[in-house]
Amino acid sequence: MIKFRPWVGDRYSSAPFGKRVLVLGESHYCADPAREAVPGITRSVIADLFDPDSVHEPYKNTYTKFIKALTGKFGELSVADKELAWNGVAFYNFVQVAMTGPRTAPTAEEFRMSDGAFFEVLRELRPEKVIAWGHRLYDELPDGGGKALEPVEGCDVWEYRLPFGKVEVLKMVHPSAGYSPEYWHGVIRKFIIT
């Protein structure tokens, strides 16, 4: 069962980046899970990224670096740029339990408890391409009868064959640190067009 509903941009179904793209994060961090870990948390986090009245917090840099890589706009992004980009994709955090501290890793059990919800999201959204944020997340994804494909620019790619079609998943470093939007733009573009 999906606990944290995905963000689905207004233009997601029209595939403005060439394919329907699901961006896959690992987990939410909540200082007060009883109050904050609600079904709409993912949608609130993404909508806050392009709210002109929202205070800039350091975690937002992760999302901005990724959008720069996705769009190829490497300078300062306006609120309108961010809104346009996020409305072209879907975003979902895989682990359906909130972490209680920053940089806290989900347990193997928390990953496995989230497998069913992940496949439910894939069935609902029918993405063609999934970009997994982080090696740990990618390595913990269920195999689901899938298979490894040829790497893209040296980056692993996994394929799920589902009743509605195939879904390819790219293994990407997490955009929180040590992330080059310029480099990853090339990888992402090649992944999406193949």
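Here is a quick tour of one helix and three buried residues in this structure. Keep in mind that the model is predicted. The helix is helix 4, residues 79-86, and the single residues are histidine 28, glutamate 159 and tryptophan 184.

**Helix 4 and its surroundings**

- Lys82, Ala85 and Trp86 are the buried residues to look at in helix 4. They span an arc of only 90° around the axis, so they sit on the same side of helix 4.
- That buried set packs against quite a list of elements: strand 1 (7-8), helix 2 (41-49), helix 3 (60-71), strand 3 (90-93) and strand 4 (129-133).

**Where helix 3 meets helix 4**

- The two helices pack at an angle of about 70°, and their axes are 10 Å apart. Since 65 to 115 degrees counts as roughly perpendicular, that is how helix 3 stands to helix 4.
- On the helix 3 side, the contact uses Tyr63, Thr64, Phe66, Ile67 and Thr71; on the helix 4 side, Lys82, Ala85 and Trp86. Sorted by character, the residues of this contact come out as five nonpolar, two polar and one charged.

**Histidine 28**

- Look for histidine 28 in the loop that links strand 2 (21-25) to helix 1 (33-36). Its relative accessible area is 5%, and buried means under 20%, so histidine 28 counts as buried.
- Its side chain has a polar contact with the side chain of asparagine 93, at 3.2 Å.
- Setting aside residues up to four places away in sequence, histidine 28 touches Phe4, Ile41, Thr42, Val45, Asn93, Ala98 and Met99.

**Glutamate 159**

- Glutamate 159 belongs to strand 6, residues 157-162. With 3% relative accessibility, glutamate 159 is buried.
- The side chains of glutamate 159 and arginine 161 are joined by a polar contact of 3.2 Å.
- Beyond its neighbours within four places in sequence, glutamate 159 is in contact with Gly146, Lys147, Leu149, Lys166, Val167 and Glu168.

**Tryptophan 184**

- You'll find tryptophan 184 in helix 8, residues 181-193. Tryptophan 184 is buried too, at 6% relative accessibility.
- Not counting residues up to four places away in sequence, tryptophan 184 touches Ala69, Cys155, Lys171, Met172, Val173 and Tyr179.
- As for alanine 47, tryptophan 184 is 137 residues from it in sequence and 24 Å from it in space, C-alpha to C-alpha.

Terms used: Residues are numbered from 1 along each chain as its sequence is written. This is a predicted model: local features need pLDDT of at least 70, side-chain atom pairs count only at pLDDT 80 or more; totals for chains, interfaces and linings use all residues. Side-chain values use heavy atoms; hydrogens and water are left out. Buried means under 20% relative accessible area, exposed over 50%, partly exposed in between (1.4 Å probe, protein chains only). Helices (H or I, at least four residues) and strands (E, at least two) are DSSP runs, numbered from the N terminus. The arc is that of the directions from the helix axis to the C-beta atoms. Contact means heavy atoms within 4.5 Å. Axes are lines fitted to C-alpha atoms, for helices over the stretch in contact, and angles run from 0 to 180 degrees between N-to-C directions. Angles under 35 degrees count as roughly parallel, over 145 as roughly antiparallel, 65 to 115 as roughly perpendicular and the rest as oblique. Ala, Val, Leu, Ile, Met, Phe, Trp, Tyr, Cys and Pro count as nonpolar, Asp, Glu, Lys and Arg as charged, and the others, Gly among them, as polar. A polar contact is a pair of N or O atoms within 3.5 Å; within protein, one must be able to donate a hydrogen and the other to accept it, and residues adjacent in sequence count only if both atoms are side-chain atoms.
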